[in-house]
Amino acid sequence: QVQVVESGGGLVQAGGSLRLSCAASGRFFRINAMGWYRQSPGNQRELVATITSGGGTNYADSVKGRFIISRDNAKNTVYLQMNSLKPEDTAVYYCNANYDITSYRTNNAGWGQGTQVTVSS
């Protein structure tokens, strides 16, 4: 069982910054890719950014140049630095951690409970 816990959400004015953190813990052999997704009312959950264990990153076009994803493999933690925030960034942000329980590659998906980010205009 892997637990994924986010922190760092809140209320910020447009143009401001927030940093989200997410830690994976529990019994696993390896953490693979980690990432952030978001969901706003009436919309489907969408990808924000992902990062591989080797540091390769991928971003949604809507956040490129404003958000930075990073990770600390020793701490099984992923971060999302969000700059120049816009009201349309308002959503619940979910952390995803893909993991293997043994050396056999299964890439199970673990999800956090979500953290609210609200950007006021």
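Trainee: How many bridges join β9 to β11, and do the two run parallel or antiparallel?
Mentor: Keep in mind that we're looking at a predicted model. In β11, Y93 has T115 as its bridge partner. Counting the bridges that join β9 to β11 gives 3, and the direction of the two strands is antiparallel.

Trainee: And which way do β2 and β11 run, parallel or antiparallel?
Mentor: Strand β2 covers residues 10–13, and V12 stands opposite V119 in β11. There are 4 bridges joining β2 to β11, and these two strands run parallel.

Trainee: Which side chains of β11 point to the buried face?
Mentor: Side chains alternate along this strand, which spans residues 115–120. Q116, T118 and S120 point to one face and aren't buried. The ones that point to the other face, and are buried, are T115, V117 and V119.

Trainee: Let's do the cysteines. Which residue does the disulfide join to C22?
Mentor: The count of disulfides comes to 1. Its sulfur atoms sit 2.0 Å apart, inside the 2.5 Å cut-off for calling a disulfide. The residue joined to C22 is C95.

Trainee: How far apart in sequence are the parts that the pair C22 and C95 ties together?
Mentor: C22 belongs to strand β3 (residues 18–26), and C95 to strand β9 (residues 91–100). Because the two sit in those strands, the disulfide ties together parts whose separation in sequence is 73 residues.

Trainee: Is that disulfide of C22 and C95 left-handed or right-handed?
Mentor: Both ends are buried: C22 has 0% relative accessibility, and C95 has a relative accessible area of 0% too. The torsion about the S-S bond is about -80°, so the disulfide is left-handed.

Trainee: On to the aromatics. What geometry does the pair of Y37 and W111 have, edge-to-face or stacked?
Mentor: Searching the whole structure turns up 1 aromatic pair. For Y37 and W111 the centres are 5.1 Å apart, with 65° between the planes. Planes over 60 degrees apart count as edge-to-face, so the label for Y37 and W111 is edge-to-face.

Trainee: Which strands does the pair of Y37 and W111 tie together?
Mentor: W111 is partly exposed, at 36% relative accessible area. The two residues are 74 apart in sequence, and Y37 lies in one strand while W111 lies in another, so the pair ties together β4 and β10.

Trainee: Which ring does the charged end of R19 sit over?
Mentor: There's an arginine lying over a ring at R45 as well, 3.7 Å from the ring centre of Y94. For R19, the charged end is 4.1 Å from the centre of the ring of Y79.

Trainee: Which side chain does the side chain of N32 make a polar contact with?
Mentor: N32 is in strand β4, residues 30–39, and counts as buried at 4% relative accessibility. Beyond its sequence neighbours, N32 is in contact with several residues, including S53, R71 and Y99. The polar contact is at 3.1 Å, and the partner side chain is that of D100.

Trainee: Which backbone nitrogen lies 2.7 Å from a polar atom of the D100 side chain?
Mentor: D100 lies in strand β9 and is buried, with a relative accessible area of 0%. Its side chain also reaches the backbone nitrogen of T106, at 3.0 Å. The backbone nitrogen at 2.7 Å from D100 is that of N107.

Trainee: What's the phi of N107?
Mentor: N107 sits in the loop between β9 and β10, and at 36% relative accessibility it counts as partly exposed. Though N107 isn't a glycine, its phi is positive, at about 50°.

Trainee: How exposed is S84, then?
Mentor: S84 is in the loop between β8 (77–82) and β9. Its phi is positive as well, near 50°, and S84 is not a glycine. S84 counts as partly exposed because its relative accessibility is 41%.

Trainee: Last one: what distance separates the C-alpha atoms of W36 and A49?
Mentor: W36 has its place in strand β4, and it counts as buried at 0% relative accessibility. W36 and A49 are 13 residues apart along the chain, and their C-alpha atoms are separated by 5.4 Å.

Terms used. Residues are numbered from 1 along each chain as its sequence is written. This is a predicted model: local features need pLDDT of at least 70, side-chain atom pairs count only at pLDDT 80 or more; totals for chains, interfaces and linings use all residues. Side-chain values use heavy atoms; hydrogens and water are left out. Buried means under 20% relative accessible area, exposed over 50%, partly exposed in between (1.4 Å probe, protein chains only). A polar contact is a pair of N or O atoms within 3.5 Å; within protein, one must be able to donate a hydrogen and the other to accept it, and residues adjacent in sequence count only if both atoms are side-chain atoms. Contact means heavy atoms within 4.5 Å. Rings of Phe, Tyr and Trp (its six-membered ring) pair if their centres lie within 6.5 Å; planes under 30 degrees apart count as stacked, over 60 as edge-to-face and the rest as tilted. A charge sits over a ring if NZ of Lys or CZ of Arg is within 6 Å of the ring centre and within 35 degrees of the ring normal. Two strands pair if DSSP finds at least two bridges between them. Lists of a residue's contacts leave out its neighbours within four places in sequence.
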